[in-house]
Amino acid sequence: MDTQVTYPRGGVHGVSRVLSATPLDGGYGVVTAQTPFHPLDHTWPDQPADRGTVNGLPVVDCVTGASDGERLYLGKEIPVRRGADGWEWLVVHVLKEPIAGDAELAVDETYRSALSAGHSACHLAALALNAALADRWRKEVTPDSLGRPDFDQAAITTSRIVEHGSDDVYRLGKSLRRKGFDAEGLDLAELTRRIDDRLGAWIAADAPITVDSPSPSLSARRMWHCSLPEGEARIPCGGTHVSRTSELGSVRVSLSLQDAELTMRSVVSPPA
């Protein structure tokens, strides 16, 4: 059975049975039946792993694992797609010592909150970027959930969530131009103003944010929802988030363009 996870609902504490403690280089990979810990996703490693303790022992790392019943594979070693038949998908807590029996799991709430703010800001900034670039498309492209051309999904190459922020890199190459995007003469100052203004309006709207999941299993496909004034925003996401846009305080972006790569940095200034 997959690890049952509580972090999509904001869980930060829990007690669960230890299922295994596998020796690893420099430690042990501890798997519990249930956990509040968010692991690093091996396929799209945008949000870092949670920090915290298990039975008072520091969690050195927290990674996604998969088992075929004979061997535990970690991260990039996993040879199958998520949800493959006959495989269990596991949250692996890396500890310096093995443990057995029941485990008390405690996530670093301050660090989690900072990452959740950064992840929510990342999604909102991506939607605001889509809106700011909507007049740059000469062809019909797949829209985002608000009905605007989805530049974010068409062009993104990497996304990294940091404490109270994110860094997203977009490739403005030939492939994007063939899809109909006009990258010539981008006015970064004007784009920044449009994005910041829209983010300010969305934060002022105090819009609710939820993460929906069909089940608590680690392999379940989860969806981020935000009820914005323009409509219900939806983005597939396995991370953690704040519960309302007002919790972000303010979000500002900075844009830079170099060698056909557009970088957007989002910075959250939490309310006092």
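**Reading the cores, salt bridges, cysteines and sheet of a predicted model**

User: Which residues touch the most other members of the largest nonpolar core?

Analyst: In soluble globular proteins, nonpolar side chains tend to be buried together. In this predicted model, the largest nonpolar core has 41 residues, and Phe151, Ile195, Leu199, Trp224 and Leu228 touch the most other members. At least two residues of this core come from each of helix H1 (109–132), helix H2 (151–155), helix H4 (188–204), strand E14 (223–228), strand E15 (231–236), strand E16 (250–258) and strand E17 (261–269). Helix H1 gives the most, with nine residues.

User: Which residues does Ile195 touch, leaving aside those up to four places away in sequence?

Analyst: Ile195 touches Ala128, Leu129, Ala132, Val253, Leu255 and Met264. Another core, of 23 residues, lies apart from the largest one; Ala66, Val91, Leu105 and Val107 are among its members.

User: How many salt bridges does the structure hold, and how should one of them be read?

Analyst: There are twelve salt bridges in the structure. One of them joins the side chains of Arg112 and Asp50, at 2.7 Å from N to O. Arg112 belongs to helix H1 and Asp50 to the loop between strand E4 (34–35) and strand E5 (52–54), so this pair ties together parts that are 62 residues apart in sequence.

User: Are Arg112 and Asp50 buried or exposed?

Analyst: The cut-off for buried is under 20% relative accessible area. Arg112 counts as buried because its relative accessibility is 5%, and Asp50 counts as buried because its value is 3%.

User: Which parts of the chain does the salt bridge between Asp167 and Arg265 tie together?

Analyst: The side chains of Asp167 and Arg265 meet at 2.5 Å, N to O. Asp167 lies in strand E12 (residues 165–171) and Arg265 in strand E17, so the pair ties together parts that are 98 residues apart in sequence. Arg265, at 44% relative accessibility, counts as partly exposed.

User: Where do Arg252 and Asp196 lie?

Analyst: Arg252 and Asp196 form a salt bridge through their side chains, at 3.7 Å from N to O. The pair links distant parts of the chain, with Arg252 in strand E16 and Asp196 in helix H4, 56 residues apart. Arg252 counts as exposed, at 54% relative accessibility, whereas Asp196 is buried, with a relative accessible area of 12%. In addition, salt bridges that share partners join Asp135, Glu190, Arg193, Arg194 and Asp197 into one network.

User: Why is the sulfur of Cys122 not bonded to that of Cys237?

Analyst: A disulfide is a covalent bond between the sulfur atoms of two cysteines. The cut-off is a pair of sulfur atoms within 2.5 Å. The closest cysteine sulfur to that of Cys122 is in Cys237, 8.4 Å away, which is too far for a bond. Cys237 is in no disulfide, and the count for the structure is zero disulfides. Cys122 is buried, with a relative accessible area of 7%; Cys237 also counts as buried, at 9% relative accessibility.

User: In what order do the eight strands of the open sheet stand?

Analyst: Strands of a sheet pair through backbone hydrogen bonds, either parallel or antiparallel. Here the order is E6-E5-E10-E2-E3-E9-E7-E8, and the pairing is antiparallel. Strand E6 (57–58) and strand E8 (72–74) are the edge strands, each pairing on one side only. Within the sheet, strand E3 (residues 27–32) and strand E9 (residues 88–95) pair in the antiparallel sense over three bridges.

User: Which residue in E9 stands opposite Gly29?

Analyst: Val94 in E9 stands opposite Gly29.

Definitions and conventions. Residues are numbered from 1 along each chain as its sequence is written. This is a predicted model: local features need pLDDT of at least 70, side-chain atom pairs count only at pLDDT 80 or more; totals for chains, interfaces and linings use all residues. Side-chain values use heavy atoms; hydrogens and water are left out. A nonpolar core is a set of buried Ala, Val, Leu, Ile, Met, Phe, Trp, Tyr and Cys residues joined through side-chain atoms within 4.5 Å. Buried means under 20% relative accessible area, exposed over 50%, partly exposed in between (1.4 Å probe, protein chains only). Helices (H or I, at least four residues) and strands (E, at least two) are DSSP runs, numbered from the N terminus. Contact means heavy atoms within 4.5 Å. A salt bridge is a side-chain nitrogen of Lys or Arg within 4 Å of a carboxyl oxygen of Asp or Glu. Two strands pair if DSSP finds at least two bridges between them.
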